[in-house]
Amino acid sequence: MKPTEQTKMHVISTYVKPARLRGEKTIQVRVGNVQKELGWVNRTPSVFSTLLSKEFQQEAGVELVEKRGGPPSGGPSTTWQFLFRVLAETKGPAAVAKVS
């Protein structure tokens with residue numbers, strides 16, 4: 001399985017689904033935490049780009065609200081923290097339109 005797919009599956013099962021079950025409206029995901037939880041080294045660019053991707057956001061049913069804590073350059077870093085809004089569980093056209 002590709003690192004992108006592993007990242008998506010991990011974040012959805014570890015962050016998104018539990019938050020949705022608890023009725024939370026937002027989640028925070030730190031790049032370095034995901035990398036560590038998956039037991040990876042030197043995968044920061046992969047985790048960063050996956051979390052930033054529209055494909056991940058649509059699949060997870062989340063919308064990026066803010067990314068913070070990274071370097072001034074804006075490039076990949078373990079310190080980036082992504083704040084996502086948890087959308088309604090349906091993945092119909094309305095949910096996709098909001099994320100686009």
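Leaving aside neighbours within four places in sequence, His-10 contacts Tyr-15, Val-34, Glu-37 and Leu-38 in this predicted model. His-10 belongs to helix α1. Its relative accessibility is 14%, and because buried means under 20%, His-10 counts as buried. The contact with Glu-37 includes a polar one. There the two side chains, of His-10 and Glu-37, come to 2.6 Å.

Confidence was examined next. The mean pLDDT of the protein is 90. A value of 70 or more is reached by 89% of the residues. Residues 92-100 have pLDDT below 50. This stretch nevertheless has 13 contacts in the model beyond near neighbours in sequence. Where pLDDT is low, predicted coordinates should not be read in detail.

The strands pair through β3. β1 and β3 are antiparallel, with 5 bridges between them. β2 and β3 are also antiparallel, with 6 bridges. Phe-84 in β3 takes part in both pairings: Ile-27 stands opposite Phe-84, and so does Leu-64. Arg-30 has Gln-81 as its bridge partner in β3.

The two faces of β1 differ in cover. Ile-27 and Val-29 form the covered face. Thr-26, Gln-28 and Arg-30 form the uncovered one. In a regular strand, side chains alternate between the two faces of the sheet. Ile-27, on the covered face, has contacts beyond four places in sequence with Tyr-15, Val-16, Ala-19, Phe-82, Leu-83, Phe-84 and Val-86.

Ile-27 is also part of the largest nonpolar core, which holds 20 residues. Within this core, Val-11, Ile-27, Val-29, Leu-51, Phe-56 and Phe-84 touch the most other members. Two or more core residues come from each of α1, β1, α2, α3, α4 and β3. Helix α1 gives the largest share, 5 residues. Both covered residues of β1, Ile-27 and Val-29, are thus among the members with the most core neighbours.

Helix α3 spans residues 44-52. Its buried residues are Thr-44, Ser-46, Val-47, Phe-48, Thr-50 and Leu-51. Leu-51 is one of the core residues that touch the most other members. An α-helix has 3.6 residues a turn, so residues three or four places apart point the same way. The buried residues of α3 pack against helices α1 (3-22), α2 (31-37) and α4 (54-60). They also pack against strands β1 (26-30), β2 (62-68) and β3 (81-86).

Ser-46 lies in α3. Its relative accessible area is 18%, so Ser-46 is buried. Not counting residues up to four places away in sequence, Ser-46 touches Pro-3 and Thr-4. Thr-7 is 39 residues from Ser-46 in sequence. In space, the C-alpha atoms of Ser-46 and Thr-7 are 8.4 Å apart.

Methods. Residues numbered from 1 in each chain as written. Predicted model: local features only at pLDDT ≥ 70, side-chain atom pairs only at ≥ 80, totals over all residues. Heavy atoms only, no water. Buried < 20%, exposed > 50% of the residue type's maximum accessible area, 1.4 Å probe, protein only. Helix = DSSP H or I, 4+ residues; strand = E, 2+ residues; numbered from the N terminus. Contact = heavy atoms within 4.5 Å. pLDDT = per-residue confidence, 0-100. Polar contact = N/O pair within 3.5 Å; in protein donor to acceptor, adjacent residues only side chain to side chain. Pairing = 2+ DSSP bridges. Core = buried A, V, L, I, M, F, W, Y, C linked by side-chain atoms within 4.5 Å.
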